[in-house]
Amino acid sequence: MPAGMRERGPRVDTAHSAQEQAHDTTRQQEQQQPHQRREEWEAFFRNKSNDDVVMRDEQLVVFWDRAPGAHVHLLVVPRHEFIRGVEKLRAVHEPLLRHMIEVGRDCVLAQHAKLAQADGSHGGVASATADVVLGFHAPVTRSVPYLHMHAMMPPFNSTWGKFKYRPLRALPFLGFIDAERVIKRLRK
């Protein structure tokens, strides 16, 4: 071989290599992301102020939403089971979901009664049971990357809240999903 010339190796498709490298990088990030998300989730609970927490039990923690969209707006979150979102729920999660619904409803009614007592109104707790809104945001509208159920009592703080936290009958799994509807979906 003449001086200055290098022996050619096999031809490498650099575009394909770059795509493979990008895919490998993305795959590595996705594998790390659940771990990082879980750490964020656990840190969130370690740093949660007792002033915000309404109730804790072995399975759940209930606390005030930091940007409430309604008169009473609580979040109900599993304490020890990291679930990325409502779309990851399976039939085995039904007991947890039922507990979230029961606790969420009870906490909303208790907070509603406290607020009513504080402002001197009667509260209307007995009639308010039907007004409790319990549900989840679908992935496209969710801003927090772990399972959390909204537990609310209207009135909503804005017109936008009326739409943001009401299930869409035409598109039942694209916006706000009623918690009871999630249970029905799990049973199918």
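## Exercises on two buried residues and a cavity

At 2% relative accessibility, Phe63 belongs to the buried residues of this structure, which is a predicted model.

**Exercise 1.** Determine where Phe63 lies in the chain fold and whether Phe63 is buried or exposed.

*Solution.* First, locate the residue: Phe63 falls within strand 2, which covers residues 60–64. Next, apply the cut-off: buried means under 20% relative accessible area. Phe63 has 2%, and therefore counts as buried. Finally, consider a partner along the chain: Asp52 stands 11 residues away in sequence, and the two C-alpha atoms are 5.3 Å apart.

**Exercise 2.** Describe the surroundings of Tyr165, leaving aside residues up to four places away in sequence.

*Solution.* Begin with the position: Tyr165 sits in the loop that joins helix 4 (159–164) to strand 6 (176–178). Its relative accessible area is 5%, so Tyr165 is buried. Then list the contacts: Tyr165 touches Gly69, His73, Val133, His137, His150, Met152, Phe156 and Phe176. For one of these, His137, the C-alpha to C-alpha distance from Tyr165 is 8.2 Å, with their positions 28 residues apart in sequence.

**Exercise 3.** State how many cavities of 30 Å³ or more the whole structure contains, and characterise the lining of the largest cavity.

*Solution.* The search of the whole structure yields one cavity of 30 Å³ or more. The volume of the largest cavity is about 40 Å³. Its lining consists of Gly85, Val86, Phe136, His137, Arg142, Tyr146, Leu147 and His148. Sorted by character, the lining residues comprise four nonpolar, three polar and one charged. His137 thus appears in this lining and also among the contacts of Tyr165.

Note on methods
Residues numbered from 1 in each chain as written. Predicted model: local features only at pLDDT ≥ 70, side-chain atom pairs only at ≥ 80, totals over all residues. Heavy atoms only, no water. Helix = DSSP H or I, 4+ residues; strand = E, 2+ residues; numbered from the N terminus. Buried < 20%, exposed > 50% of the residue type's maximum accessible area, 1.4 Å probe, protein only. Contact = heavy atoms within 4.5 Å. 1 Å grid on protein atoms, 1.4 Å probe; cavity = no way out; pocket = protein on both sides within 12 Å on 5 of 7 lines; lining within 4 Å. Points joined across faces, edges and corners; volume = space filled by probe spheres on them. Nonpolar A, V, L, I, M, F, W, Y, C, P; charged D, E, K, R; others polar.
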